[in-house]
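Subject: Structure for you to look at, with notes

Dear colleague,

I am passing on a structure that you have not worked with before, and I would be glad if you could open it before reading on. My notes on what was found in it follow below.

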Amino acid sequence: MLACWATAMWGQERTERLIKNWEFSRDKKTWEDVTIPHDWAISGPFDKKWDLQVVAIEQNGEKEKSEKSGRSGALPWIGEGYYRTHIAIDNPQRAELVFDGAMSEPMVYVNGKLAGQWAYGYNAFRVDITPYVVRGDNLLEVHLKNVEESSRWYPGGGLYRPVTLIEKGSTSINEWGTYMRVLSADVTSAAIRVDAQMDGMDDSGRYAVEVAILHPKGYVEIAGHTDVGKDGKVHLDMVMKKPQLWSPETPFLYKMATRLYRDNTLIDEQVQKVGIRTLSVSKEKGFQLNGQTRKFKGVCLHHDLGPLGAAVNKAALIRQVKILKDMGCDAIRTSHNMPSTMQMEVYDSLGMMVMGESFDMWIYPKCKNGYARFFKEWAERDIENLVLCHRNHPSLVMWSIGNEIPEQWSEEGVNISRRLQDLCHRLDPSRPVTQGMDRAEQALKSGFAQVMDVPGFNYRVHKYDNNIKQLPVGFLLGSETASTISSRGVYKFPVTITDRATYPDGQCSSYDTEYCSWSNLPDADFYMQDEREWSIGQFVWTGFDYLGEPTPYDSYWPSRSSYFGICDLAGLPKDRYYLYRSQWNTDAHTIHLLPHWTWKGRKGKVTPVYCYTDYPTAELFVNGKSQGRITKKAHLQPSSPMSAKAMNEELLDRYRLRWNDVRYEPGELRVVVYDKDGKPAGEKVLKTAGAAASLRLEVDRHELSADGEDLAFVTVSMVDADGNEVPDAADELSFEVTGAGVFRAVCNGDATSLEPFTLPQMRLFSGKLVVVVQSTQQAGTMRLTVRDMEKGNRIPVASIDITTR
């Protein structure tokens with residue numbers, strides 16, 4: 001019996017992702033063909049009238065209302081939308097639809113009858129459509145509604161995550177009812193417990209369940225079986241010998257196959273990917289994965305994918321993770337909402353620990369029509385779906401029940417925290433629960449912070465020492481850190497460390513010395529992680545820029561996306577990326593120089609130079625002339641008593657090498673780095689660019705799947721005749737895709753650009769942009785051709801070929 005596990009046929013279940021043959025309308029009169037996932041608003045146009053808000057953002061310390069023109073992305077996501085398609089039902093014994101998320105307030109109709117609905121646009125939900133379907137053709141319709149002032153960032157609109165149809169027999173395995181947890185594990189053995197729920201049990205026969213853990217090569221590692229009681233519940237304990245443990249460094253995945261038999265005949269089967277690993281967190285050892293203490297090197301991510309909008313895409317998620325892992329990042333907080341299943345599958349397979357978050361608000365609204373409208377009625381159902389949907393993902397290491405909840409000062413808030421945390425524990429005893437608190441004194445005084453398994457604090461890092469004294473658990477987490485702001489390739493003079501900088505062009509300086517009134521520079525967080533054993537890590541706000549929340553330009557038009565990202569909206573690393581990489585990536589060296597060295601009109605003017613590197617010492621040269629050799633001040637401490645000002649101003653020379661008095665001369669900027677023994681270990685050179693001469697195209701992947709969904713990201717850079725990047729190029733470019741592919745989107749990372757993402761034309765920003773191309777279902781070769789549209793420009797046409805198989 002065990003020998004046939006790897007090759008056995010499926011039972012009666014049929015699963016189909018509903019991707020094609022959808023129609024979409026905003027008014028039920030004019031319809032267009034679309035594929036799912038789909039974001040109805042991402043094509044724009046950008047306009048300040050969309051969700052124009054006149055509010056005071058309390059989280060930012062504002063007391064006076066002002067116009068917020070780009071707070072939710074300045075895209076047309078508000079209003080109603082309608083989707084329809086036809087589904088074929090082969091066996092109507094039991095049919096179910098699984099929505100991984102629908103923005104928002106979805107109402108699902110089958111053959112004209114309301115079959116189900118949900119309130120929260122970010123959550124997965126299931127709809128039993130058995131009573132409404134017939135054998136053969138059935139009409140499926142989904143009605144969505146987004147109301148104004150219901151989000152603090154861009155939520156998108158539509159069926160932006162997958163929709164799946166499941167057909168099965170009347171007695172079957174509950175889709176979210178199988179739960180595997182690892183009770184203990186090391187390299188010699190793992191104790192595994194599996195609980196499962198069978199639906200539709202009857203007296204027509206004897207039911208039994210078998211569970212097997214399979215190696216990726218197909219053979220069975222371990223299996224167990226048991227009879228099923230009348231309540232449909234199944235419980236199995238098994239021991240696996242010599243397991244391969246899951247971690248960010250070794251994301252090894254097994255398959256867990258659960259099979260349901262009636263009188264020895266297979267009637268249903270469920271296969272999931274799982275990982276073997278253990279979690280713990282304690283005062284003595286901090287956070288431990290597989291018995292090894294480590295600190296989170298994490299980032300927060302909103303759900304949008306830049307120019308793709310909210311429509312989830314596997315290739316885009318993989319690109320994000322690869323960029324972050326090269327930086328040394330090992331964790332993601334899905335702020336401030338439930339992740340998609342596709343996200344979790346990517347994080348499982350590539351190795352990224354996850355804090356799965358739920359809510360941005362509870363009863364007290366942060367925006368007029370936010371989730372507070374639904375919390376009392378829906379919160380427990382939303383937590384239940386979040387946990388049941390995702391609890392078998394090894395990458396998920398903790399749950400978060402809220403972000404900066406206003407109720408953190410009150411007894412009511414304490415009671416809600418306890419209730420939601422207890423619910424998480426009942427559904428999943430294997431993971432701790434946290435939330436991000438931004439009012440430390442209030443949360444500690446009320447007991448709100450002390451309730452949590454993992455007390456998470458957002459910002460105000462200088463208060464950590466006081467916070468820890470009031471926490472019996474003996475540790476804390478930087479659940480949201482930094483909020484440093486910058487625009488890729490933009491540098492402001494003179495260089496200042498400030499939380500109040502704004503400029504007429506709506507940009508922020510990439511010297512990484514600007515932050516917000518409530519936040520800090522990365523160096524302050526590095527210091528607390530280095531110096532405080534009880535700090536178990538951090539999640540930086542944010543890994544990538546996102547649509548909406550254009551702080552510090554909330555009232556500046558046309559600013560419509562964030563400046564917080566370590567990478568810009570196109571996914572291009574900012575200078576700050578290399579500062580984090582120099583601290584987090586312990587497998588590869590980092591040598592990064594800033595700013596660029598092409599400055600018209602700055603000859604002889606002070607132009608500070610920074611080097612981000614993991615090496616302790618470096619010497620800088622301008623046209624061969626030494627600017628001095630300097631060493632990081634590894635033992636630098638902030639002034640006492642610790643303050644936000646001291647943390648932000650006094651620690652930079654501990655983590656950065658800075659030459660603050662360099663005077664600009666065109667030519668060559670070179671840095672030589674030295675190891676701890678004083679030996680030369682590498683160098684980095686920047687040269688003053690000449691006239692723009694050509695376009696350089698670089699693709700992240702040269703081969704795609706011919707599935708109609710796969711994406712490649714092509715970075716386009718303007719370079720001079722010697723191949724040096726031209727950092728101030730702003731040429732208008734056009735794009736054409738021919739062959740086995742189509743143009744999908746383009747983005748230059750400029751938060752003030754109003755050019756649509758989905759039209760094949762855009763200006764370079766700081767000399768670069770990214771074009772997204774998509775495969776068709778026809779194998780072959782696609783060609784992207786890029787043309788410079790500037791009048792009188794002689795930049796030659798550039799092209800690149802990508803294979804689809």
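A good place to begin is Arg 294, which is buried, since its relative accessible area is 17% and the limit for calling a residue buried is under 20%. Please bear in mind throughout that this is a predicted model.

Arg 294 forms a salt bridge with Glu 249, and the closest N and O atoms of the two are 2.9 Å apart. Arg 294 sits in the loop between strand 23 (292-293) and strand 24 (296-301), while Glu 249 belongs to the loop between strand 18 (233-241) and strand 19 (254-262), so this salt bridge ties together parts that are 45 residues apart in sequence. Is Glu 249 buried or exposed? Glu 249 counts as exposed, because its relative accessibility is 54% and the exposed class begins over 50%.

Other salt bridges

The search of the whole structure finds 51 salt bridges, and I describe a few others here. The side chains of Arg 84 and Glu 23 meet in one of them, with a distance of 2.8 Å from N to O. This pair links distant parts of the chain, given that Arg 84 is in strand 6 (residues 79-89) and Glu 23 is in strand 2 (residues 22-25), 61 residues apart. Arg 84 is partly exposed, with a relative accessible area of 27%, and Glu 23 is likewise partly exposed, at 26%.

A further salt bridge joins Arg 783 to Asp 801, where the closest N and O atoms are 2.7 Å apart. Because Arg 783 lies in strand 46 (residues 780-788) and Asp 801 in strand 47, this pair ties together parts that are 18 residues apart in sequence. Arg 783 counts as partly exposed at 39% relative accessibility, and Asp 801 counts as partly exposed at 36%. In addition, salt bridges that share partners join Arg 14, Glu 16, Asp 90 and Glu 167 into one network.

An open sheet

The strands that carry Arg 783 and Asp 801, strand 46 and strand 47, also appear in an open sheet of five strands, whose order is 40-47-46-42-44 and whose pairing is mixed. Its edge strands are strand 40 (703-704) and strand 44 (761-763), each of which pairs on one side only. In general, the strands of a sheet pair through backbone hydrogen bonds, and they do so in either a parallel or an antiparallel sense. Which sense is found between strand 40 and strand 47? Strand 40 and strand 47 (residues 798-804) pair in the parallel sense, over two bridges. Within this pairing, Leu 704 has Thr 804 in strand 47 as its bridge partner.

Two helices in contact

In general, a pair of packed helices is described by the angle between the axes and the distance between the axes. For helix 1 (residues 314-327) and helix 9, the axes come within 7 Å and cross at roughly 55 degrees. The two helices are therefore oblique to each other, as this angle falls neither under 35 degrees nor in the range from 65 to 115 degrees, nor over 145 degrees. In the contact, Ile 323, Asp 326 and Met 327 of helix 1 meet Tyr 577, Tyr 580, Arg 581 and Trp 584 of helix 9. By class, the contact of helix 1 with helix 9 has five nonpolar residues, no polar residues and two charged residues.

Backbone details

Two peptide bonds to proline deserve a look when you go through the loops. The bond that joins Gly 44 and Pro 45 is cis, with omega about 5 degrees, and Pro 45 is placed in the loop between strand 3 (32-34) and strand 4 (53-55). The bond from Thr 551 to Pro 552 is cis as well, with omega near 10 degrees, and Pro 552 is found in the loop between strand 31 (535-541) and helix 9 (575-584).

The loop between strand 3 and strand 4 also holds Asp 51, which has a positive phi of about 55 degrees although it is not a glycine. Asp 51 is buried, with a relative accessible area of 5%. Asp 512, which is not a glycine either, has a positive phi of about 60 degrees, and Asp 512 lies in the loop between strand 30 (476-482) and helix 8 (522-531). At 0% relative accessibility, Asp 512 counts as buried.

With best wishes

How values were computed
Residues are numbered from 1 along each chain as its sequence is written. This is a predicted model: local features need pLDDT of at least 70, side-chain atom pairs count only at pLDDT 80 or more; totals for chains, interfaces and linings use all residues. Side-chain values use heavy atoms; hydrogens and water are left out. Helices (H or I, at least four residues) and strands (E, at least two) are DSSP runs, numbered from the N terminus. Buried means under 20% relative accessible area, exposed over 50%, partly exposed in between (1.4 Å probe, protein chains only). Two strands pair if DSSP finds at least two bridges between them. Axes are lines fitted to C-alpha atoms, for helices over the stretch in contact, and angles run from 0 to 180 degrees between N-to-C directions. Contact means heavy atoms within 4.5 Å. Ala, Val, Leu, Ile, Met, Phe, Trp, Tyr, Cys and Pro count as nonpolar, Asp, Glu, Lys and Arg as charged, and the others, Gly among them, as polar. A salt bridge is a side-chain nitrogen of Lys or Arg within 4 Å of a carboxyl oxygen of Asp or Glu.
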